[in-house]
Number of protein chains: 4
Amino acid sequence: MNVGIVGSTGYGGVELHRLLSNHPFVGDCILYSSTLNGVSYAEQYPHLTDLSTESVRGIQVDEMKELDVVFLAVPAGISKEMTPKLLGGKARIIDLSGDLRLKDPKEYEDWYKGEAADTSVLSEAVYGLAECNQEAIKEASLIANPGCFPTAALLALAPLIQQKLVQPGSLIIDAKTGLSGAGRKPSLSSHFSETQENLRIYKVHEHQHTPEIEQQLKLWNPEAAPVTFTTHLIPMTRGIMTTIYGELLTDQTTEELHELYRSFYSGSPFVRIRPIGQYPCTKEVFGTNFCDISIKVDPRTGKVTIVSVIDNLIKGAAGQAVQNMNLMFGLEETSGLHYYPIYP
Amino acid sequence: MNVGIVGSTGYGGVELHRLLSNHPFVGDCILYSSTLNGVSYAEQYPHLTDLSTESVRGIQVDEMKELDVVFLAVPAGISKEMTPKLLGGKARIIDLSGDLRLKDPKEYEDWYKGEAADTSVLSEAVYGLAECNQEAIKEASLIANPGCFPTAALLALAPLIQQKLVQPGSLIIDAKTGLSGAGRKPSLSSHFSETQENLRIYKVHEHQHTPEIEQQLKLWNPEAAPVTFTTHLIPMTRGIMTTIYGELLTDQTTEELHELYRSFYSGSPFVRIRPIGQYPCTKEVFGTNFCDISIKVDPRTGKVTIVSVIDNLIKGAAGQAVQNMNLMFGLEETSGLHYYPIYP
Amino acid sequence: MNVGIVGSTGYGGVELHRLLSNHPFVGDCILYSSTLNGVSYAEQYPHLTDLSTESVRGIQVDEMKELDVVFLAVPAGISKEMTPKLLGGKARIIDLSGDLRLKDPKEYEDWYKGEAADTSVLSEAVYGLAECNQEAIKEASLIANPGCFPTAALLALAPLIQQKLVQPGSLIIDAKTGLSGAGRKPSLSSHFSETQENLRIYKVHEHQHTPEIEQQLKLWNPEAAPVTFTTHLIPMTRGIMTTIYGELLTDQTTEELHELYRSFYSGSPFVRIRPIGQYPCTKEVFGTNFCDISIKVDPRTGKVTIVSVIDNLIKGAAGQAVQNMNLMFGLEETSGLHYYPIYP
Amino acid sequence: MNVGIVGSTGYGGVELHRLLSNHPFVGDCILYSSTLNGVSYAEQYPHLTDLSTESVRGIQVDEMKELDVVFLAVPAGISKEMTPKLLGGKARIIDLSGDLRLKDPKEYEDWYKGEAADTSVLSEAVYGLAECNQEAIKEASLIANPGCFPTAALLALAPLIQQKLVQPGSLIIDAKTGLSGAGRKPSLSSHFSETQENLRIYKVHEHQHTPEIEQQLKLWNPEAAPVTFTTHLIPMTRGIMTTIYGELLTDQTTEELHELYRSFYSGSPFVRIRPIGQYPCTKEVFGTNFCDISIKVDPRTGKVTIVSVIDNLIKGAAGQAVQNMNLMFGLEETSGLHYYPIYP
């Protein structure tokens with residue numbers, strides 16, 4: 001299987017390169033960039049000395065269409081331009097940006113402050129939440145790979161929402177992320193001296209992943225209401241935790257909900273439901289495609305607290321993209337993703 | 001004014017020593033420990049080389065009673081034993097532990113898993129939330145200095161709760177803290193390799209600061225209901241952020257609530273209400289007694305998000321204790337606390 | 001191939017477990033501990049939830065002797081007791097502690113402040129510096145796996161010393177390490193609040209890896225003199241850098257030395273000599289068995305600066321141990337060690 | 001005393017603002033910038049909310065000349081242009097950049113790769129190494145404030161070099177710094193995800209502080225030879241450590257050298273010589289103007305190891321500048337600099 005990575009010089013791209021270079025069914029892995037052409041990849045990323053001899057190439061649509069898969073690991077705004085040119089070729093497309101996730105163009109315009117992709121493209125895109133949408137993913141020619149926060153939040157919420165166990169409108173998603181989610185482009189908000197020994201909240205009520213979460217919740221339960229979603233920058237490189245609060249509609253116990261989650265994810269090799277009373281930390285999924293989840297009911301308040309953690313660059317981006325590729329090509333879901341967490 | 005610090009070798013104690021040594025109205029500052037006797041303080045804390053020539057001494061009740069103030073910077077369980085012996089002397093007592101904060105002994109037993117202090121002691125203790133309880137503090141001979149999380153949470157909530165603007169029972173307090181709150185005693189959960197590049201949630205629904213927050217909320221609004229309170233360990237040394245969510249009872253705008261907060265804290269030199277649209281980060285109060293607060297209404301959900309940050313060792317412990325001392329002795333509230341944040 | 005890990009609950013042990021569990025030629029991997037018996041490994045290390053169902057077992061010498069390899073990932077002082085009991089069985093032994101590295105018992109006593117292993121054991125132990133001692137390693141039944149600092153320093157020095165290009169007695173090795181080298185046992189010097197945002201020098205002129213480095217240098221060049229070796233704690237978890245300074249005996253240029261190093265390590269898959277003018281950082285080998293090296297001559301001073309980096313838990317411990325196992329059993333040197341650095 | 005800060009929006013500038021705003025003898029503190037004009041300082045640095053109401057102003061030479069002191073906290077290349085315009089006014093000038101430190105214009109051109117300042121300006125500039133050059137500083141109208149690394153290295157070396165106790169040509173200075181030394185301008189090398197959990201060496205044999213160190217060593221001992229000087233980036237914000245190695249010319253003991261250092265710095269309130277066997281770490285001077293030093297002789301090698309630490313933004317920049325101002329105006333050397341380290 002031959003694949004291409006557009007946006008290969010970003011953090012999502014280099015993580016895709018790592019996973020795909022070690023994937024048992026991937027042959028050529030061609031590196032593209034919309035801004036660089038002809039530069040050595042190992043010069044951009046010296047940790048790849050002796051491991052990569054590739055050069056990063058400019059966009060070549062005709063060539064890309066002949067590959068088996070093209071991954072678009074580009075910022076929002078680019079894939080909506082590029083996807084229409086690639087569709088119709090041999091290559092199936094997995095888009096890691098936010099451009100193709102929202103079915104309603106108005107939502108995109110409101111939250112991304114730009115023009116949405118063409119509706120024909122949007123309607124073809126299948127939302128690649130791998131654990132919850134496998135049948136559609138297997139048939140898809142175009143995948144909208146979920147955002148990092150939505151992945152962590154939706155996996156944590158799926159059993160509860162599908163079973164309609166929480167009060168619509170009571171959901172609070174307090175999300176925390178490492179800095180790598182901000183990408184490789186330097187800025188004041190990712191400058192070491194401004195972020196180390198610091199904790200920052202950002203985009204309060206304004207994060208563009210909000211409608212992505214809400215869209216999926218509504219598909220699971222049409223009564224789902226707007227959620228409160230806030231994001232915090234943690235002084236670490238990788239890792240996302242979402243702490244989610246909701247009001248229970250019935251008197252479920254921790255044990256019952258724990259059993260529900262165990263059962264719901266019994267066939268999902270990348271979701272680990274932790275034993276009652278044990279809570280995951282981000283380092284425990286570092287370097288892997290796992291999403292670890294804990295759940296606890298508070299009888300004092302009638303509320304439930306759910307905790308989920310992922311490695312934002314893997315399960316929140318490149319890893320889930322590879323998982324989707326595996327599903328699309330009838331491979332084992334875990335092919336090329338058998339990594340243990342690096343600990344400590 | 002001569003003062004004593006019990007528990008001087010902990011992080012709260014050394015921060016008290018720093019503030020009191022540079023306080024314009026403090027003369028002698030005597031260092032006590034319940035476990036060490038006769039050791040050089042600068043050997044325990046080499047950053048004090050040439051700054052401290054004191055030795056740490058064992059507990060000496062008679063001597064301590066003759067001081068002006070005794071600070072108890074000890075773990076829970078010790079000050080409930082020591083306070084009765086000190087009461088009745090000249091010294092006024094400021095207790096930084098959790099022993100004397102809960103008026104209801106049953107609450108203490110439930111959350112601290114130990115026997116509560118004598119009710120006569122509890123009834124004498126004044127809760128030292130400096131911005132909100134000044135009249136009582138000025139007259140007090142015994143102060144229960146608030147916990148670090150309650151300080152950040154209660155200052156963020158006071159205007160809203162006193163004005164009864166949020167739905168009782170809807171409050172979610174998602175708290176994040178640096179590691180210094182865990183003290184100086186080594187443990188696996190504060191071991192560098194286990195905490196760096198990591199984010200951990202702990203004591204879910206079980207943190208002993210929960211009843212302390214609820215007790216004060218009920219004093220402000222008797223209808224206040226149990227709150228959901230969770231705590232997270234951030235890979236940094238100092239700093240607490242609380243992100244608080246509540247359902248508004250009326251159609252308040254961000255502008256109206258912002259004005260309420262500005263007005264409520266107009267006489268409070270250590271509370272800084274941030275401009276609308278700007279959110280504080282923990283580093284912006286590092287090394288100071290400030291509590292910075294932002295507030296924002298989300299019209300989509302009818303909920304409000306409040307963010308507060310403090311330096312947990314200062315406003316959350318030693319700084320507020322000195323502020324209380326200032327109030328008790330009729331000094332300027334800011335005496336000895338005129339520090340700018342260390343940034344970056 | 002069936003293997004055992006003694007000391008499986010330490011950081012070296014858990015890293016061995018990760019590498020061996022994913023090694024294509026390893027079957028059973030049995031976990032031993034000299035202090036625990038019967039506890040679940042995944043409870044000790046929750047990141048292994050669903051990945052490990054093993055229990056940690058007490059020492060069982062007879063059983064261990066029947067394995068193919070026993071790894072001793074124990075603190076200094078234990079393997080000198082355990083090795084004699086295991087020798088003579090089927091199992092070949094790879095000792096990761098410092099007990100068997102120094103051939104001269106007096107050196108051990110001077111630097112480790114304890115009694116040395118039996119000389120018959122010492123004489124059987126082969127020093128497992130994999131790149132430089134392959135013939136002996138292949139035949140060995142007992143390997144003394146090198147220390148983390150000696151690995152980084154010796155690989156950086158081998159070409160220069162073997163070629164006798166530097167002034168004996170001029171060598172300065174300024175070493176820097178992350179905290180994981182200190183192990184999992186909590187202590188004040190590895191307490192987060194004492195180490196984060198901090199840089200510490202320790203064991204000045206007293207580090208027990210000094211004689212290990214000198215012993216090997218003397219084997220390469222009998223005129224080698226005592227070296228100056230200092231170690232610093234860097235606020236990060238993994239990674240070692242050694243910055244080495246020496247006075248050149250002749251007018252070598254950077255280009256000539258660079259070519260010497262390229263040539264010397266041309267058959268070594270885990271040593272990467274960086275292009276002239278590019279210097280490795282520790283993150284660029286994170287999670288791998290690589291040792292990256294740069295070299296530069298300073299014509300102003302007649303001195304050479306060599307920089308080497310490793311992941312201390314892999315090339316400096318578990319990875320090199322597996323590399324030695326591969327060599328001992330005639331496997332590809334890189335079997336089970338094909339990892340790309342995790343970046344960022 | 002009225003002062004001005006040019007380059008007030010950089011990290012050196014904001015630290016000067018903090019120190020000068022709390023200095024007992026400073027009245028107005030006017031903020032200038034060569035790139036901004038009319039912007040609120042507290043918007044640039046929100047940690048100054050309520051503490052600063054100033055606006056940053058464009059350069060106003062005539063006004064600046066009437067101040068008592070002008071601090072130039074600007075990048076190299078700017079103060080050599082600005083200083084000639086300011087000289088001759090009432091204001092004394094303290095330049096924190098590298099422009100005026102090297103007396104030999106050719107050295108500047110070689111190491112800074114730009115044109116040197118006018119020789120008349122260079123000859124007027126007094127090198128502001130406060131502990132070692134007090135008489136000249138007191139009379140100076142123009143101070144070249146030392147670089148951060150030279151401050152740490154020269155204070156560590158002064159007694160040894162002045163006493164001619166080390167072999168000229170044997171000196172190795174292995175320096176380590178936090179990231180704040182790189183300033184506030186974002187770049188890949190100060191991007192959080194590239195620097196956290198990472199250790200980097202940079203500018204090997206090429207750092208522009210090399211000739212500054214050598215120039216001063218030659219003034220102390222004309223036989224001083226070129227030094228080997230390397231710099232490393234530590235994943236922390238503040239702090240510099242220099243580890244210095246030299247070959248002793250005579251059989252000095254640790255005790256003798258320790259006594260020499262104690263005696264040499266007995267009148268220097270900001271230099272703390274640590275007890276024999278105790279070594280300073282950077283956190284122990286965090287937030288202060290201290291330089292802490294330890295020294296140890298290694299009888300095995302005949303070499304000496306000296307360790308010094310400073311807070312790079314204070315003793316390495318703003319603090320020493322204020323110390324120089326105090327000396328120039330006949331104030332107590334410690335005025336406005338009585339800070340205890342913030343620990344932990």
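Helices and strands here are DSSP runs, numbered from the N terminus, with at least four residues for a helix and at least two for a strand.

**Figure 1. Overview of chain A in the predicted model.** Chain A holds twelve helices and 15 strands. Its radius of gyration is 20 Å, close to the 20 Å that the globule rule gives for 344 residues, so chain A is as compact as a globular protein of that length. Along the principal axes, the C-alpha atoms fill a box of roughly 60 × 45 × 40 Å. Of the 344 residues, 66% count as buried. Among contacts in chain A with a separation of 6 or more, 70% come from residues 24 or more positions apart. The accessible surface of the chain is about 10800 Å². Carbon and sulfur atoms account for 48% of that surface.

**Figure 2. Chains A and B superposed.** A turn of 180 degrees, with a shift of 0.0 Å along the axis, lays chain A on chain B. The RMSD is 0.0 Å. The two copies are thus related as by a two-fold rotation axis. The same surface serves both copies, and 100% of the contact residues of chain A recur in chain B.

**Figure 3. The eight-stranded open sheet of chain A.** The strand order is β3-β4-β2-β1-β5-β6-β8-β7, and the pairing is mixed. Strands β3 (39-40) and β7 (126-127) form the edges, each pairing on one side only. Within chain A, strand β5 (residues 69-72) and strand β6 (residues 92-95) pair in the parallel sense. Four bridges connect β5 and β6. At one of these positions, A:Leu72 has A:Asp95 in β6(A) as its bridge partner.

**Figure 4. Strand β2 of chain B, covered on both faces.** In a regular strand the side chains alternate between the two faces of the sheet. Strand β2 spans residues 29-32 of chain B. B:Cys29 and B:Leu31 lie on one side, B:Ile30 and B:Tyr32 on the other, and all are buried. Strand β1 (residues 3-6) of chain B runs parallel to β2(B), joined to it by four bridges. B:Val6 stands opposite B:Tyr32 of β2(B).

**Figure 5. Helix α10 of chain D, largely enclosed.** The helix covers residues 210-220 of chain D. Nine of its eleven residues are buried, so the rest of the structure largely encloses α10. The buried set runs D:Thr210, D:Pro211, D:Glu212, D:Ile213, D:Glu214, D:Gln215, D:Gln216, D:Leu217 and D:Trp220. These residues pack against α5 (105-112), β7 (126-127), α8, β9 and β11 (228-233) of chain D.

**Figure 6. Cysteines of chain A without a disulfide partner.** Two sulfur atoms must be within 2.5 Å to count as a disulfide. By this rule the count is zero over all chains. A:Cys132 is in no disulfide, and its nearest cysteine sulfur, that of A:Cys291, is 9.9 Å away. A:Cys132 counts as partly exposed, at 24% relative accessibility. A:Cys281 is in no disulfide either. For A:Cys281, the nearest cysteine sulfur is that of A:Cys291, 14 Å away. A:Cys281 has 0% relative accessibility and counts as buried.

**Figure 7. Positive phi at B:Glu197 and D:Lys164.** Most residues other than glycine have a negative phi, and most peptide bonds are trans. B:Glu197 is a residue other than glycine with a positive phi, near 50 degrees. B:Glu197 sits in the loop between α9 (192-195) and β10 (200-202) of chain B. This glutamate counts as buried, at 5% relative accessibility. D:Lys164 is not a glycine, yet its phi is positive at about 55 degrees. The loop holding D:Lys164 lies between α8 (148-162) and β9 (172-177) of chain D. D:Lys164 is partly exposed, with a relative accessible area of 43%.

**Figure 8. Cis peptide bonds at C:Pro344 and D:Pro344.** In chain C, a cis peptide bond joins C:Tyr343 and C:Pro344, with omega about 0 degrees. C:Pro344 belongs to the segment after α12 (314-328) of chain C. In chain D, the peptide bond from D:Tyr343 to D:Pro344 is cis, and omega is near 0 degrees. D:Pro344 is found in the segment after α12 (314-328) of chain D.

Key. Residues are numbered from 1 along each chain as its sequence is written. Chains are lettered from A and ligands numbered from 1 in the order in which they are written. This is a predicted model: local features need pLDDT of at least 70, side-chain atom pairs count only at pLDDT 80 or more; totals for chains, interfaces and linings use all residues. Side-chain values use heavy atoms; hydrogens and water are left out. Copies are superposed by least squares on the C-alpha atoms of residues with pLDDT of at least 70 in both. Contact means heavy atoms within 4.5 Å. Buried means under 20% relative accessible area, exposed over 50%, partly exposed in between (1.4 Å probe, protein chains only). The radius of gyration is taken over C-alpha atoms; the globule rule is 2.2 Å times the number of residues to the power 0.38. Accessible areas come from the Shrake-Rupley method with a 1.4 Å probe; for residues, only the protein chains shown count as cover. Two strands pair if DSSP finds at least two bridges between them.
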